Amino acid sequence: MNDKEDKSEKCNKSNHEAAPPADDEKLDHSDDDISDDSDDDIISLEDDSSDEASEGSGEKLNHEMSNSSLLRLHDNGNEKDTDDEDDDDDEEEEEKVNVTIGELFGTGPNPEANRNHPPNFNTDSSILDLCFHPEKELLAAGSIEGDCLIYRYNLEKVELVTRFSHHEKSCRQICYSENGNLLYTVSKDKSLAVIDICNSAIKLHKKDIHEAAIYSFIEINNNICATGDDDGVVKLWDLRKEEPILDFRCGDQTVTSFLTNDEEKYLSATVADGSLAGFNLRKNRLECQSEMFDSEFTCQALVRSDTRLVVGSGSGTMHIFNWGEFGYTVDSLGGHPDLIQCIVPITDNLLLTGCEDGNIRAVHLYDHRFVGIVGQHKDFGVENLALSFDGNILASCSMDDEIQFWNIEYLYKTKVFTKRKGNKKIALGNNLESSRKRNKREFFRDIPQKIESDEEEAG
């Protein structure tokens, strides 16, 4: 008891002498445990009950402080867990945002990202004809302005190598020699030119060799070639001589194309009046001319080991002749919606056609059926087609001032079911692997046939 009194007196004395506590040292945890007197700020500790109360209040204060610390730690933990959950949500949202358009809509990759052909490119003027070099990666083009352009190409780029401007009017046809050392050009200015590719020089330029504008040309061998004009006149030339060795009028309209084979016995010429003329090259005379058909003849190609001649027409029908028998057709294949401007054979039974509707189509003969669309030009018809020396790249030109390339290597592996009857309308619009358009019927192909609803997943 004395100890407690002595302790009480010491406490009272120290409290009287001590200065008032600072504001930051005041504790406001509980109004019942600690009283704050504004007059003298003195805490009386007179008996045991007051001591116990003080000790109890201290213990309670320590307990509350420890509880508050635990609460703060718990709150910090909750905040950390919340932050982790927010981070997880953000990661999930990022994963959702990173879904590609192809994955979202089931579309394939951009064709240009994995391009397997030279890039398409624009030209200064419209291109009328194209021809690949027989051994090198060179492409020659004749423009409507009269220029002869030679490009070097690869899968990465196409660059202009040289330009010849020896024609005064449009360069209508262009053709490499068999060995690729010479390049022939004919023009609306009635002239024929021979370019030496090795020296990049004009080797020969025969002017005013026709009375009308020249439209078509073919090289038969190193010295012999043929030209045809807008008035239906065919001339056979020995380039070592000044005058033609054959001059014959097939009709009154344009001679649109020429064709011969390795035997060099016959030369066939298509005429815009709807007839086919066959010349005997060994005798330098007309062998036979067919009857007149309802629409113009525009182009031709040899198939089936050079035994069948396929002739394109303005009505979209392909007329088939026996080679060397040019008087009557033996078969025909209709179905093109517009004029057939050009034909390029790629196998004995498969050929490509360029049509006035802008589409390049693959056509199978024997059995006759359309395989599909290889490629297309948007605004204008296909003017001409050319096949590269390895047979894998097809080039096409149009009046849209653009040269396009198509990889057709897959066509050599395409299986055509000849015994199965096909829908000609579907085949005409069927886009093949090289086409830059997608078939409408393939739109829903990548969508799952059955999609479970949220209610089914919840159940």
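# Why these residues get their labels

Q: Why is Ser290 counted as buried?
A: In this predicted model, Ser290 has a relative accessibility of 8%, and because the label "buried" applies under 20%, Ser290 counts as buried. Ser290 lies in the loop between strand E17 (285-289) and strand E18 (297-303), and its C-alpha atom is separated by 8.5 Å from that of Gly278, a residue 12 positions away along the chain.

Q: What makes Phe370 buried, and where does this residue lie?
A: The relative accessible area of Phe370 is 7%, and since the cut-off for "buried" is under 20%, this value places Phe370 among the buried residues. Phe370 belongs to strand E25, which covers residues 369-376. The C-alpha atoms of Phe370 and His336 are 9.3 Å apart, although 34 residues separate the two along the chain.

Q: How do you know that Arg163 and Asp147 form a salt bridge?
A: The N to O distance between the side chains of Arg163 and Asp147 is 3.1 Å, and because a salt bridge requires a side-chain nitrogen of Lys or Arg within 4 Å of a carboxyl oxygen of Asp or Glu, the pair meets the rule. This pair links distant parts of the chain, with Arg163 in strand E5 (residues 158-164) and Asp147 in the loop between strand E3 (138-143) and strand E4 (148-153), 16 residues apart. Arg163 and Asp147 are also joined with Asp124 in a network of salt bridges.

Q: Why do Arg163 and Asp147 carry the labels they do, buried or partly exposed?
A: Asp147 has a relative accessible area of 14%, which is under the 20% limit, so Asp147 is called buried. Arg163 has a value of 36%, and because "partly exposed" covers the range between the 20% and 50% limits, Arg163 receives that label.

Q: What makes Glu159 and Arg152 a salt bridge, and how is each residue classed by accessibility?
A: The closest approach given for the two side chains is 3.7 Å from N to O, and as the rule asks for a distance within 4 Å, Glu159 and Arg152 meet in a salt bridge. Glu159 has a relative accessible area of 33% and Arg152 one of 42%, and because both values fall between the limits of 20% and 50%, both residues are partly exposed.

Q: How do you know that Arg172 and Asp230 are joined, and what parts of the chain does the pair link?
A: The closest N and O atoms of Arg172 and Asp230 are 3.0 Å apart, and because the limit is within 4 Å, this counts as a salt bridge. The link joins distant parts of the chain: Arg172 is in strand E6 (residues 171-176), while Asp230 is in the loop between strand E11 (224-229) and strand E12 (233-238), 58 residues apart. Arg172 is buried at 17% relative accessible area, whereas Asp230 is partly exposed at 23%.

Q: How many salt bridges does the rule give?
A: By the same distance rule, the count comes to eight salt bridges.

Q: Why is Glu178 called exposed, and what is it part of?
A: Glu178 has 68% relative accessibility, and because "exposed" means over 50%, Glu178 counts as exposed. Glu178 is found in the loop between E6 and strand E7 (182-187), and together with Asp262, Glu263, Asp306 and Asp348 it forms a negative surface patch.

Q: What makes the phi angles of Ser200 and Glu264 worth pointing out?
A: Most residues other than glycine have a negative phi. Ser200, however, has a positive phi near 55 degrees, and Glu264 has a positive phi of about 55 degrees. Ser200 sits in the loop between strand E8 (192-196) and strand E9 (201-206) and is partly exposed at 43%, while Glu264 sits in the loop between strand E14 (255-259) and strand E15 (266-271) and is partly exposed at 29%.

Q: Why is the bond from Tyr366 to Asp367 called cis?
A: The omega angle of this peptide bond is near 0 degrees, and the bond is described as cis. Most peptide bonds are trans. Asp367 lies in the loop between strand E24 (359-364) and E25.

Definitions and conventions. Residues numbered from 1 in each chain as written. Predicted model: local features only at pLDDT ≥ 70, side-chain atom pairs only at ≥ 80, totals over all residues. Heavy atoms only, no water. Helix = DSSP H or I, 4+ residues; strand = E, 2+ residues; numbered from the N terminus. Buried < 20%, exposed > 50% of the residue type's maximum accessible area, 1.4 Å probe, protein only. Patch = residues over 30% accessible without salt bridge, like charges linked within 9 Å, V, L, I, M, F, W, Y side chains within 5 Å. Areas by Shrake-Rupley, 256 points an atom, 1.4 Å probe, with all protein chains shown as cover. Lys, Arg positive; Asp, Glu negative; His and termini not counted. Charge placed at Lys NZ, Arg CZ, Asp CG, Glu CD.
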